[in-house]
Amino acid sequence: MLRHPRTLCPMCRAEAVLARITPGPFGFDIRTFECPACKDVHQLVADLVDPMKSPRTTGWLHGQLHAPT
Ligand SMILES: [Zn+2]
């Protein structure tokens, strides 16, 4: 099992919960987090490729997304 580092909600700094991991293009995966405190939903892009071969591109995609219905 991989240990996931704690991801804090950008809105309220509570600990966000990893809701799902979606495979993305270009060797990235998109991790969707939900905040249990303020219900903020945000995504983090993590690269799956060898970090020696790619620049650091991890970052926040969107500050806020609409929850699926
Ligand atoms: Zn929050």
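This tour goes from the zinc site to a residue in strand S2 of a predicted model.

**Stop 1: the zinc ion.** Begin by selecting the zinc ion together with Cys9, Cys12, Cys35 and Cys38, whose SG atoms coordinate the metal at 2.3 Å. If you display the angles that the 4 donor atoms subtend around the zinc ion, you will find values of 104 to 117°, and the arrangement is therefore tetrahedral. For reference, the ideal angle for four tetrahedral donors is 109.5 degrees. Along the sequence, the donor residues follow the spacing C-x2-C-x22-C-x2-C.

**Stop 2: Cys9 and Cys38.** Keep these two donors highlighted and colour the strands, so that their places in the chain can be followed: Cys9 sits in the segment before strand S1 (17-23), while Cys38 belongs to the loop between strand S2 (28-34) and strand S3 (41-47), and the pair therefore ties together parts that are 29 residues apart in sequence. With a surface switched on, Cys9 is buried, its relative accessible area being 0%, whereas Cys38 is partly exposed, with a relative accessible area of 35%.

**Stop 3: Thr32.** Next, select Thr32, which lies in strand S2 and is buried, with a relative accessible area of 2%. Which side chain makes a polar contact with the side chain of Thr32? Adding Gln43 to the selection shows the partner, since the two side chains make a polar contact at 3.2 Å. Finally, extend the selection to the other residues around Thr32: setting aside neighbours within four places in sequence, Thr32 is in contact with Val17, Leu18, Ala19 and Arg20, and also with Val41, His42 and Gln43.

Technical notes: Residues are numbered from 1 along each chain as its sequence is written. This is a predicted model: local features need pLDDT of at least 70, side-chain atom pairs count only at pLDDT 80 or more; totals for chains, interfaces and linings use all residues. Side-chain values use heavy atoms; hydrogens and water are left out. Donors are N, O and S atoms within 2.8 Å of the metal (3.2 Å for Na, K and Ca); water is not among the atoms, so sites may look incomplete. Four donors count as tetrahedral if all angles lie between 85 and 135 degrees; four count as square planar and six as octahedral if opposite donors are over 155 degrees apart and all others between 65 and 115; anything else is irregular. Helices (H or I, at least four residues) and strands (E, at least two) are DSSP runs, numbered from the N terminus. Buried means under 20% relative accessible area, exposed over 50%, partly exposed in between (1.4 Å probe, protein chains only). A polar contact is a pair of N or O atoms within 3.5 Å; within protein, one must be able to donate a hydrogen and the other to accept it, and residues adjacent in sequence count only if both atoms are side-chain atoms. Contact means heavy atoms within 4.5 Å.
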